[in-house]
Amino acid sequence: MKFFLALVIASWAAVFPVWADNVVVLPFYNASQTPNLDWVGESVSETVWEAIATQGLMVVTREDRQEAFRRLGLRLDANPTRATLLKIGQALDADQVVYGEFEVIPPPAGTTTTRGNLRLTAHVLDLKRIKRGPDFGELGAIEDLAAQQSHLAWQTIQFLAPKMSISEADFRKRWPPVRLDAIESFMRGMLATNPEQRNKLFTQALRLEPNYSDASFQLGLLASSKKDYRVGGEWLAKVSPSDVHYSQASFFLGICRFNTGDYAGAQTAFERVAATVPLNEVFNNLGVAQSRRGLPDAIVNFRKAVEGDSTDPAYHFNLGYALWKQGRYAEGADSFRAVLDRNPQDQEATVMLGRCLKGGVGKPPPLKEGLERLKTNYEESAYRQLRALLPGGQL
């Protein structure tokens, strides 16, 4: 699915180049003499990334950015030269690079009311024209990091998408202030590589800031990756609708609810995603939840998944299984044949094809439950990129 979308994105970019600007946001370089503050640069980068993403622009994900750095042998905490920026942009097929630096100015000796002042500076490099845009700067107490990086993010989107951006007042409503120690715990969790340490730091961030949506999202992903679906579902249900990860959180919330036997709750979660991110895997999972509830609409959604990607045998299998459950054996047999055309070794499809072929003769075969195939991949970023390429953002 991701490869298919990448091909479509490339073809549309050639047709509509004016809509095709792809933005990458780099970690802000630590120019301070104070060590162990890289989390500040990551926090600014994350805030700017989220702001750009919510405006519907094409923006490189954190994971893709990190993979590009790994392939190029670059350190995430290095101060990038123009040559480095060009390499990164080429590796990620980016048109605009947002980068910058920060400096923490220690407080005067004896001061206990502040950790010092923070100076943030952001730059935008247009890689198509090899031209640098305006610089954006902030200076204030480090305790006001949340407000400073939000204002910096708003200034950035005003430059990148002046016709699409929202007012600063509305922007601030979407990103309410978060206390500094909670931001620090969260970003240190994002930088940690040990799952237990990440869990500890995200949990600490939520103790400090109980409505910290980003931390709830990350804890939900961690729990669901360990198949602790009950805990994962509890965290994912707390992600705010204004969060840029809301649709992704709802997708994995549906998976958590499905695996705890809450099929109605799973259906609700997948319906919410399908309304805004109509991906094949979303329609498939919505159909799986409906199938477990014995609802006929499952067939409608399985057909949407097949129409969106006819190469995936799981979609054909689920459609065939739903048709078989309704006694539509001839149609079901066609779907199971499609599965075996794509994967001749699929034993379940072979058995179900045989059941369909025998289904119309004599007593119907006993119902075999629980064979639906759930999808755990979620390609929202590729979908958003494709939509951003189209005039008006419509697919």
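Look at leucine 125 in strand 5: its bridge partner over in strand 6 is arginine 132. Keep in mind as you go that this is a predicted model. Strand 6 itself covers residues 131-132, and two bridges join it to strand 5, with the two strands running antiparallel. Together they make a hairpin with four residues between the strands. Within that turn sits isoleucine 130, which has a positive phi of about 50 degrees.

Now stay with strand 5, since several other pieces meet it. It runs over residues 117-126 and is mostly covered, with eight of its ten residues buried. Strand 4, residues 96-105, is joined to strand 5 by ten bridges, and this pair is antiparallel too. If you want a landmark there, find phenylalanine 102, whose bridge partner in strand 5 is leucine 120. Strand 7, residues 136-141, also pairs with strand 5, again in the antiparallel sense, this time over six bridges. Here the landmark is alanine 122, which stands opposite phenylalanine 136 of strand 7.

Next, go back along the chain to helix 2. It takes in residues 38-54, so to speak a run of 17 residues, and reaches 25 Å from its first C-alpha to its last. That is close to the 24 Å expected at 1.5 Å a residue. Like strand 5, helix 2 is described as mostly covered; in the helix, 14 of the 17 residues are buried. In general, an α-helix has 3.6 residues a turn, so residues three or four places apart point the same way. Just after helix 2 you'll come to glycine 56, which takes a positive phi of about 80 degrees.

What about empty space inside? Rolling a probe the size of a water molecule over the atoms shows where such space is left. A search of the whole structure turns up one cavity of 30 Å³ or more, and the largest cavity has a volume of about 70 Å³. Among the residues lining it are Leu26, Pro27, Phe69, Arg75, Thr84 and Tyr99. By class, that lining has nine nonpolar residues, one polar and one charged.

Finally, step back to the whole protein chain. It has 18 helices and seven strands. Of its 395 residues, 50% count as buried. As for contacts with a separation of 6 or more, 60% of them in the protein chain come from residues 24 or more positions apart.

How values were computed:
Residues numbered from 1 in each chain as written. Predicted model: local features only at pLDDT ≥ 70, side-chain atom pairs only at ≥ 80, totals over all residues. Heavy atoms only, no water. Expected span 1.5 Å × (residues − 1). Buried < 20%, exposed > 50% of the residue type's maximum accessible area, 1.4 Å probe, protein only. Pairing = 2+ DSSP bridges. 1 Å grid on protein atoms, 1.4 Å probe; cavity = no way out; pocket = protein on both sides within 12 Å on 5 of 7 lines; lining within 4 Å. Points joined across faces, edges and corners; volume = space filled by probe spheres on them. Nonpolar A, V, L, I, M, F, W, Y, C, P; charged D, E, K, R; others polar. Contact = heavy atoms within 4.5 Å.
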